[in-house]
Amino acid sequence: MPATSGGRADTEGRQGNHLVTSRAALAVWAVLFCVVTSSGSAARGRGPVVRREAPFPAVFDSAPARHAASVQYEVLRGDFHMHALHSDGSVSPADRVLEAWEYGYDVIAITDHAGLGAYEEAVPMARALDVLLLRGIETGLSEQEHLIAVGFSADYEPRNPHQWSETEGQSEVFYRKQWQRLTGAGGFVFYAHPHVGLREPMLWGIDQGLLEGIEVYNGVVGSEWNTVESHGTYWYPFAFDWAVEYNLTIFANSDAHEARADTGQAVTLVLATDRSREAVLEALHAGRTIACFNNMLCGHEWALQLLMTSLIDVRLVAVDGGRAFLRLENHGPVELTAEIAGTPLEPVILGPYQKALASLRRMPDIATINWKNVYTRPTQNLTTTHTLSDVTP
Ligand SMILES: [Zn+2]
Ligand SMILES: [Zn+2]
């Protein structure tokens, strides 16, 4: 079962945070992206299914590495690890899609432990609801690492999933051979709930370019599977460090087995050039993801800088007579906590789609903001700088 409780309370208790907003004020936020609060689920309820829409603005990359022109990305909500009836899940493949639609996801993969039947069964619902669906499987080494593969072709046939051998003697299921078959079929492979650490098979996978991603958060493992309790939840902060050090794509997935819980949704944000499976896979290979869970955003610094360029707006507002404010605006659905460097101001909590004004004693040319719930490492926050030449009325 998901181990996270309400992210809002967790945020208030987070280390180094000095939040000024009262609980009463917190309560008025109508939309919380990572933590949804209304009751009922499509898979188990009888009422109308209402999609919990909470859009992100499009992201503009004005200086992409390999393109002459600027690029625009859609921010898609993904969950690339969940189970249905073909393994140990209790929800049908079609209901997994309906549920994902309800909870605001744009792209999912159903990753049963052995069978691949969920994909074909879920396709009609995915088409009808415009949810992108990737073929998926959970497999891996016998009694050791679990690996998720998504996006492989229809002709991939798993052999002894979860029973891959570390020794070549059993050549039929030698992990290197099986892994190469899987990626050869177009599979994007990441390390699920990385509970046994970076052993030789994973280091080999990284070296060969076969292991491209890792879960930093898994919604079902709770305090087990070698998670660490920090930042108010159980997760894999050490895997976040590995992702940075080995340039792996960062995931937060539900690993849902039962019907989705109403709180603590794990989301992998994907910055994709368009809303297609091909664009999602291109983004996964390029590492353009951000893990969203427990009211935290965790990602590679370059990806977070890209996201924040569109997500937040920081301006100087000068009033005739000498007063000045720093005006902060959050264009997205995730609560953000901004610590304004070089000022005695308390951190500003920007709820979803909120604006805030912070009084300034002088008019700076540049604002430097430390985002207290946006992480580039488990103990390192994202910092953004903003030129304040535009004085806005
Ligand atoms: Zn697993
Ligand atoms: Zn799983």
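**Exercise 1. Determine how strands S19 and S20 are joined, and which residue of S20 stands opposite Trp371.**

Solution. Begin with the extents: strand S19 covers residues 366-377 and strand S20 covers residues 380-387, where strands are DSSP runs of E of at least two residues and helices are DSSP runs of H or I of at least four, each numbered from the N terminus. The two strands run antiparallel and are joined by eight bridges, and strands count as paired if DSSP finds at least two bridges between them. Two residues lie between S19 and S20, and the strands form a hairpin. Within this pairing, Trp371 stands opposite Leu382 of S20.

Before going on, note that this is a predicted model, in which local features need pLDDT of at least 70 and side-chain atom pairs count only at pLDDT 80 or more, whereas totals for chains, interfaces and linings use all residues. Residues are numbered from 1 along each chain as its sequence is written, and chains are lettered from A and ligands numbered from 1 in the order in which they are written.

**Exercise 2. Describe the chain by its helices and strands, and by the share of its residues that count as buried.**

Solution. The chain has nine helices and 20 strands. Of its 393 residues, 44% count as buried, a residue being buried if 20 or more other C-beta atoms, placed from the backbone, lie within 10 Å of its own, exposed if 12 or fewer do, and partly exposed in between.

**Exercise 3. Describe how helix H3 packs against helix H4, and classify the residues that make the contact.**

Solution. Two packed helices are described by the angle between their axes and the distance between the axes. For H3 (residues 93-102) and H4 (residues 117-129) the angle is about 35° and the axes are 7 Å apart; the axes are lines fitted to C-alpha atoms over the stretch in contact, and angles run from 0 to 180 degrees between N-to-C directions. On the H3 side the contact is made by Pro93, Ala94, Arg96, Val97, Leu98 and Trp101, and on the H4 side by Ala118, Glu121, Ala122, Met125, Ala126 and Leu129, with contact meaning C-beta atoms within 7 Å. By class there are ten nonpolar, no polar and two charged residues, where Ala, Val, Leu, Ile, Met, Phe, Trp, Tyr, Cys and Pro count as nonpolar, Asp, Glu, Lys and Arg as charged, and the others, Gly among them, as polar.

**Exercise 4. Find the buried residues of helices H8 and H9, and explain why they line one face in each case.**

Solution. In H8 (residues 277-286) the buried residues are Val280, Ala283 and Leu284. Seen down the axis of H8, they fall within an arc of 100°, and therefore line one face of the helix; the arc is that of the directions from the helix axis to the C-beta atoms. In H9 (residues 301-311), Ala303, Leu304, Leu306, Leu307 and Leu311 are buried. Their arc, seen down the axis of H9, is 155°, so they too line one face of their helix.

**Exercise 5. Locate His193 and His231, and state the phi of each.**

Solution. Most residues other than glycine have a negative phi. His193, in the loop between strand S6 (188-192) and helix H6 (200-207), has a positive phi near 20°, and it is buried because 25 other C-beta atoms lie within 10 Å. His231, in the loop between strand S8 (228-230) and strand S9 (233-235), has a positive phi near 55°, and it is buried with 23 other C-beta atoms within 10 Å.

Conventions. Contact = placed C-beta atoms within 7 Å.
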